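Me: I have a two-chain model open and want to learn how to read its features one by one. Where do I start?

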Amino acid sequence: MSVAAANWTGPVPAGFPDRGRSRLRRRTARVGGVARPMAGGTVSLLSAADDAALLTRIAQEDPDAFETLYARYSGPAYSVALGMLRDAVLAQEVTQDVFLAIWRGAREFDPARGSARTWILSVAHHKSVDAVRRLRRTPTVPLSDTVPSDADVIEAAQARVDAGHVRRALEALSIEQRAAIVLAYYGGYTQQEIAQRLGVPLGTIKTRIRDGLLRLRTVLSAPAPETAR
Amino acid sequence: MTHDEIRESLPGYALHALAPDELREVEAHLAACAECRRELAVFEEAAAPLAAGFAQEEPPAALRGRVLDAVRPGRRTGGRGPGWMVALAAAAAVIIVLAGIAVSLEQRFVALTARVESETQALALLADPASRVVTLSGPAAASVRFVFDPTTGRGALIATGLRDPGPDLVYQVWLVAGSTPRSAGVFRPASGTPVIVAVGADFPRYQAVAISVERGPNGAARPSAAPILVGRLGGG
């Protein structure tokens with residue numbers, strides 16, 4: 001017999017089974033592969049299932065799947081990092097981090113929780129935000145004595161929005177909702193920082209982000225007015 | 001934070017707009033609450049199109065090699081690796097063909113290089129006053145320590161005296177955030193010499209480091225057994 005935890009009495013961290021190796025013996029071999037129902041059958045659904053299957057293979061440390069995923073998502077992920085950091089060298093470092101995080105963390109992807117694309121770009125955004133916050137913590141010599149106004153900061157964050165359809169979708173939000181979402185997503189500020197900067201209670205910022213996101217969902221899932229006409 | 005307070009922070013979580021302490025609380029809750037996970041999915045999908053707002057650019061071609069090399073140790077893509085590495089691979093191939101010995105020198109070289117790297121990293125961590133050392137405890141009679149630097153995200157597990165887990169089994173290292181253990185690598189003990197496993201992570205996110213016995217050679221996606229050793233990292 002080996003070192004199985006027959007006499008384990010210490011606190012077991014959450015997420016571990018609390019008894020020995022019983023599950024290891026019971027467990028039957030599980031073959032990888034995504035059993036996602038293919039409702040519909042459009043091209044975008046196919047490629048979405050494809051991306052999820054790639055992540056399943058990456059979780060099994062398949063380098064070929066990783067290469068395919070890199071070919072598909074290096075552009076979108078790099079664009080997020082470059083847009084946030086405004087520095088090609090830093091953006092490359094962050095992109096490298098993003099893909100290593102995908103390689104190591106692919107098993108954390110849960111197809112029931114959302115699409116592979118959403119997950120990958122969320123990792124890219126998260127790493128970029130972390131990098132922006134690290135940069136902000138680094139003391140720098142101020143170029144001028146003027147403290148940027150709220151409007152300047154919102155403007156700077158909003159300037160990162162390049163795509164017309166996203167700009168138009170943001171314009172469908174109230175000014176308050178737009179400011180909160182733009183400062184959070186494109187500015188990389190925390191809810192607390194936004195509340196402080198705008199002099200508004202934290203609860204109000206949380207509500208604006210929630211309502212703004214729900215509105216955004218309606219606007220972006222509807223056909224663009226130009227193409228509908 | 002209560003369930004209702006967590007719910008109010010889910011939209012902010014989807015935008016990565018939570019402060020570190022709040023982030024840890026929300027993640028711990030999410031691991032345990034299916035209702036919040038479902039609700040979060042709505043906000044994550046709603047936030048997803050914002051990524052398309054950035055000007056779309058392609059990264060320089062050189063980045064591809066760097067990223068792919070990082071996950072394929074010993075294999076070089078695009079032939080931009082140092083010449084001696086290619087020569088070594090060629091030499092290994094010749095030896096296999098001539099002697100019929102199915103041993104890849106390159107693989108052994110890479111394994112050795114990886115070992116030297118992780119040992120160097122462990123030594124550097126031990127020498128760094130900013131590092132923290134945690135001793136793992138549990139039913140296994142062994143000396144296992146985890147040294148890590150919370151700011152750089154570098155860490156190493158140093159194990160001596162662990163018994164052979166049995167044929168086809170390995171020791172698997174886990175980092176635990178909330179109730180979600182994340183695999184940080186597998187290893188088998190080497191008699192007489194310490195085993196060093198390099199672990200890189202955002203350590204302040206994790207509350208504990210743990211070791212369980214899992215099926216080899218790659219371990220499990222989720223722990224299938226109670227941990228034999230646990231050390232508190234103090235995060236979360």
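**Reading the two chains**

Reply: Start with the order of elements; this is a predicted model. Along its sequence, chain B runs α-α-α-α-α-α-β-β-β-β-β-β-β-β, that is, six helices and eight strands.

Me: How many helices and strands are there in chain A?

Reply: Chain A has 11 helices and zero strands. Its pattern from the N terminus is α-α-α-α-α-α-α-α-α-α-α.

Me: What share of each chain is buried?

Reply: A residue is called buried if 20 or more other C-beta atoms lie within 10 Å of its own. In chain A, 35% of the 229 residues are buried. In chain B, the buried residues make up 36% of 236.

Me: What share of the contacts joins residues at least 24 apart in chain B?

Reply: Take the contacts between residues at least 6 apart in sequence; in chain B, 58% of them join residues at least 24 apart. For chain A, residues 24 or more positions apart account for 61% of the contacts with a separation of 6 or more.

Me: How many residues does each chain bring to the contact between them?

Reply: Chain A gives 68 residues and chain B gives 64 residues. On the side of chain A that touches chain B, at least two residues come from each of α1 (22-26), α3, α4, α5 (116-137), α8 (175-186), α9 (191-198) and α10 (202-221). The largest share there is that of α3(A), with 12 residues. By class, this side of chain A has 35 nonpolar, 20 polar and 13 charged residues.

Me: How do I read the shape of a helix such as α3(A)? What is its end-to-end distance, and what would a straight helix reach?

Reply: Compare the span between the end C-alpha atoms with 1.5 Å a residue. α3(A) has 23 residues, and its end C-alpha atoms are only 29 Å apart, short of the 33 Å of a straight helix. Next, look for a bend: α3(A) turns by about 50 degrees at A:Tyr73, and a proline, A:Pro76, follows within four residues.

Me: Which span does α10(A) have?

Reply: α10(A) has 20 residues and reaches 29 Å from its first C-alpha to its last, close to the expected 28 Å.

Me: Which residues of α10(A) are buried, and what do they pack against?

Reply: The general idea comes from the helix repeat. An α-helix has 3.6 residues a turn, so residues three or four places apart point the same way. In α10(A), the buried residues are A:Ile205, A:Lys206, A:Arg208, A:Ile209, A:Arg210, A:Gly212, A:Leu213, A:Leu216 and A:Leu220. These buried residues pack against α7 (164-171), α8 and α9 of chain A, and also against α1 (3-14) and α3 (34-47) of chain B.

Me: What is the phi of A:Arg86, and where is this residue found?

Reply: Most residues other than glycine have a negative phi, and most peptide bonds are trans. A:Arg86 has a positive phi, near 60 degrees. This residue comes just after α3(A), in the loop between α3 (63-85) and α4 (88-105) of chain A. A:Arg86 counts as partly exposed because 14 other C-beta atoms lie within 10 Å.

Me: Is B:Asp168 buried or exposed?

Reply: B:Asp168 counts as exposed, because it has 8 C-beta neighbours inside 10 Å. Its phi is also positive, near 65 degrees, and its place is the loop between β3 (154-160) and β4 (169-177) of chain B.

Me: Which peptide bond is cis?

Reply: The bond from B:Gly216 to B:Pro217 is cis, with omega near 0 degrees. B:Pro217 lies in the loop between β7 (208-215) and β8 (229-232) of chain B.

Me: How do I read the sheet that contains β7(B) and β8(B), and what is the strand order?

Reply: List the strands by pairing rather than by sequence. The order is β5-β4-β7-β8 (chain B), an open sheet of four strands with antiparallel pairing. β5 (180-187) and β8 of chain B are the edge strands, each pairing on one side only. From one strand to the next the twist averages 30 degrees. β7(B) and β8(B) are joined in the antiparallel sense by four bridges, and B:Ile211 has B:Leu229 in β8(B) as its bridge partner.

Me: Why is B:Leu18 called buried, and which residues is it in contact with?

Reply: B:Leu18 is buried because 21 other C-beta atoms lie within 10 Å. This residue sits in the loop between α1 and α2 (20-32) of chain B. Neighbours within four places in sequence aside, B:Leu18 is in contact with A:Thr190, A:Gln191, B:Ser9, B:Gly12, B:Tyr13, B:Leu23 and B:Val26.

Note on methods
Residues numbered from 1 in each chain as written. Chains lettered and ligands numbered in written order. Predicted model: local features only at pLDDT ≥ 70, side-chain atom pairs only at ≥ 80, totals over all residues. Buried ≥ 20, exposed ≤ 12 C-beta atoms within 10 Å, placed from the backbone. Contact = placed C-beta atoms within 7 Å. Nonpolar A, V, L, I, M, F, W, Y, C, P; charged D, E, K, R; others polar. Expected span 1.5 Å × (residues − 1). Pairing = 2+ DSSP bridges. Axes fitted to C-alpha atoms, helices over the stretch in contact; angles between N-to-C directions. Bend = angle between axes of the 7 residues up to and from the residue.
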